Amino acid sequence: MIKKILVVLLVLAVIGGICALVHQLKVAYKNKKELAAFAQVKTYTANLGKVLVVYYSWTGHTQDIAEQIAALTKGDMYRIQTQEEFKSSPAFYARIKKELNNKIYPALASNLPDVSNYDVVFVGAPVWWYTMATPMYSFLSQMDFKNKKVIPFSTQGSNPGTFLKDLTTNAKKAQVGTYADFNNVGPEYNQAVHNKIVHWLNNL
Ligand SMILES: Cc1cc2nc3c(=O)[nH]c(=O)nc-3n(C[C@H](O)[C@H](O)[C@H](O)COP(=O)(O)O)c2cc1C
């Protein structure tokens, strides 16, 4: 009996491994195809006025995109920070899922930015569980973006889920502009990602 259970578990593990590998290959192919369109070096030509780049980042990917936007637009940056410093652990994913289900969002550490002097506010965060990272919910619930031009961006493994829809709903009364999402890719794509950012900004 135990032998049979072990065989079943082994078969399931092998099937799971194959599915994960196929998924990874599909994502890699999709990233390669998307970023091939941005192989050509682009020059930043837009003039977006006074820019603020607001972002939340836990592991640095969103911060990297935010820094590139700020450098190109000569904008200011504002980092959303939580009172609690999140520690990486397998339980963290389950905790966030539970908090999203219960609409419990973390307390923020930083004072809110004054956006009144900016023409455009970029707002970016990682995707957590197919939606915005919870600190972005905390942030948007306290902000007044009425009539402000807000340009959303996200970073994610491969699936942004309902990020844009959720940001649009929560950035109340903002004029939400063209969204860009960035899958995490290897350093070999740094130039292509930069070109994608420039292309996006030039077309806003
Ligand atoms: C709790 C949690 C949930 C996540 N959920 C998703 C998801 O639904 N879809 C996805 O593509 N990536 C998901 N990711 C991966 C992150 O979106 C991705 O690594 C992101 O670029 C991290 O940004 P950061 O480095 O700025 O924190 C998740 C990561 C965490 C920690």
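Select T62, I65, A66, I69 and T73: these are the buried residues of helix α2 in this predicted model. Look down the axis of α2; the five side positions line one face of the helix, because the buried residues fall within an arc of 100°. The general pattern behind such a face is that an α-helix has 3.6 residues a turn, so residues three or four places apart point the same way.

Now show the whole of α2, residues 61–73. The helix has 13 residues and covers 19 Å from first C-alpha to last, close to the 18 Å expected at 1.5 Å a residue. Step just past its end to K74, where phi is positive, at about 55°.

Next, display what covers the buried residues of α2. The cover includes the strands β1 (51–55), β2 (76–79), β3 (120–128), β5 (149–156) and β7 (180–183), together with helix α6 (190–202).

Turn to the ligand and select its surroundings, a shell of 21 residues. S57, T59, T62, P126 and Q156 are the closest. Elements giving two or more residues to this shell are α2, α3 (90–101), β3 and β5. T62 thus appears twice on the tour: among the buried residues of α2 and among the residues closest to the ligand. Colour the shell by residue class to see 8 nonpolar and 13 polar residues, with no charged ones.

Finally, zoom out to the full protein. Its C-alpha trace spans about 70 × 40 × 25 Å along the principal axes. There are 6 helices and 7 strands, and 28% of the 204 residues are buried. Of the contacts with a separation of 6 or more, 85% join residues 24 or more positions apart.

Conventions:
Residues are numbered from 1 along each chain as its sequence is written. This is a predicted model: local features need pLDDT of at least 70, side-chain atom pairs count only at pLDDT 80 or more; totals for chains, interfaces and linings use all residues. Helices (H or I, at least four residues) and strands (E, at least two) are DSSP runs, numbered from the N terminus. The expected span of a helix is 1.5 Å times one less than its number of residues. A residue is buried if 20 or more other C-beta atoms lie within 10 Å of its own, exposed if 12 or fewer, and partly exposed in between; C-beta atoms are placed from the backbone. The arc is that of the directions from the helix axis to the C-beta atoms. Two residues are in contact if their C-beta atoms, placed from the backbone, lie within 7 Å. A residue is near a molecule or strand if its C-beta atom, placed from the backbone, lies within 6 Å of it. Ala, Val, Leu, Ile, Met, Phe, Trp, Tyr, Cys and Pro count as nonpolar, Asp, Glu, Lys and Arg as charged, and the others, Gly among them, as polar.
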